[in-house]
Amino acid sequence: MRIANRHFFQLAAPCCGALVVAAAACAPRAPSYHPRVRTLTVTTVPLLVKEQQSLYPFLGAAFAKGGSLEGKEVYAFSPSTLTVVEGDTLQLTLINPEDDVHSFVLPDFAVSLPGNTTTHATYVARRAGIFSIVCAVQAHLPMMSGQLVVLPASAMASADSGGVSPSRRP
Ligand SMILES: [Cu+2]
């Protein structure tokens, strides 16, 4: 009996190893996300600025010494939240339609936006997370801000695999 068992294991062990290798080769591979180029346009928009004082009389008190907006003006990025996926390349068109200077600043990226200009810039979202976008002009902080939401590629893999990209169409 012992001899029979020993022979069984001697015969079975190489086969099990082969089975493990075969199973690994046949297992479905986890779908992977293919980074994309995302074209995004962001415009700087005045919300409560000095030029509007005749339109909004309350701004006179707000901008005055001791007022709630003393030394400040309220602008926004439109849209203020950008959502991409880890590894994506952002092709940004940044439009500043009025005469004040702005900037578009991420933790590792900064672009100056002179008045009445359209600026093109490219940014690669290398890691997942939620990152602040700000205009670095002190008079526009902290109001002129936004967020870059970079989703982890692993979270998008299955969603991406179900889509049909133009290049995959027959
Ligand atoms: Cu600004």
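**Fold, core and local geometry of the predicted chain**

The mean pLDDT of the protein chain is 84, and 74% of its residues reach 70 or more. The model is predicted, and every value below is computed from it. Over residues 1–9 the pLDDT is below 50. Beyond near neighbours in sequence, that stretch has zero contacts in the model. Residues 15–24 also have pLDDT below 50. Zero contacts beyond near neighbours in sequence are found for residues 15–24 as well.

The protein chain contains three helices and nine strands. Read from the N terminus, the order of elements is α-β-α-β-β-β-β-β-β-β-β-α. Of the 170 residues in the protein chain, 17% are buried. Contacts between residues at least 6 apart in sequence were also examined. Of these, 66% join residues at least 24 apart.

Four strands form an open sheet in the order S2-S1-S4-S7, with mixed pairing. Strands S2 (74–78) and S7 (117–124) stand at the edges. Each has a single partner strand, so one side of each is left without a neighbour in the sheet. From one strand to the next, the twist averages 20°.

The pairings can be followed across the sheet. S1 and S2 run antiparallel and are joined by five bridges. Within this pairing, threonine 43 has serine 78 of S2 as its bridge partner. Strand S1 (residues 37–48) and strand S4 (residues 89–96) run parallel, with seven bridges between them. Here threonine 41 has threonine 93 of S4 as its bridge partner. Leucine 40 stands opposite leucine 92 in S4. S4 is joined in turn to S7 by eight bridges, and these two strands run antiparallel. Leucine 90 stands opposite tyrosine 123 in S7.

The side chains of edge strand S2 alternate between two faces. Tyr75 and Phe77 point to one face and are buried. Val74, Ala76 and Ser78 point to the other face and are not buried.

Threonine 43 lies in strand S1. With 14 C-beta neighbours inside 10 Å, threonine 43 counts as partly exposed. Leaving aside neighbours within four places in sequence, threonine 43 is in contact with Ser78, Ile95 and Pro97. Ser78 is thus named twice for this residue, as bridge partner and as contact. Threonine 43 and serine 80 are 37 residues apart along the chain. Their C-alpha atoms are separated by 9.2 Å.

The largest nonpolar core has 18 residues. Val84, Val85, Phe104 and Val150 touch the most other members. The elements giving two or more residues to this core are S2, strand S3 (81–85), S4 and strand S9 (145–151). The largest share, three residues, comes from S3. Valine 150 has an extended list of contacts once neighbours within four places in sequence are set aside. These contacts are Val84, Val85, Glu86, Ala125, Arg127, Ala128, Gly129 and Phe131. Val84 and Val85 appear both in this list and among the core residues that touch the most other members.

Two peptide bonds before proline are described as cis. One runs from serine 78 to proline 79, with omega near -5°. Proline 79 is placed in the loop between S2 and S3. The other runs from leucine 141 to proline 142, with omega near 5°. Proline 142 lies in the loop between strand S8 (129–134) and S9.

Asparagine 116 also has a backbone feature of note. Its phi is near 55°, a positive value in a residue other than glycine. Asparagine 116 is found in the loop between strand S6 (109–113) and S7. With 11 other C-beta atoms within 10 Å, asparagine 116 is exposed. The cut-off for exposed is 12 or fewer such atoms.

Methods. Residues are numbered from 1 along each chain as its sequence is written. This is a predicted model: local features need pLDDT of at least 70, side-chain atom pairs count only at pLDDT 80 or more; totals for chains, interfaces and linings use all residues. Two strands pair if DSSP finds at least two bridges between them. Axes are lines fitted to C-alpha atoms, for helices over the stretch in contact, and angles run from 0 to 180 degrees between N-to-C directions. A residue is buried if 20 or more other C-beta atoms lie within 10 Å of its own, exposed if 12 or fewer, and partly exposed in between; C-beta atoms are placed from the backbone. Two residues are in contact if their C-beta atoms, placed from the backbone, lie within 7 Å. A nonpolar core is a set of buried Ala, Val, Leu, Ile, Met, Phe, Trp, Tyr and Cys residues joined through C-beta atoms within 7 Å. pLDDT is the predictor's confidence in each residue, from 0 to 100.
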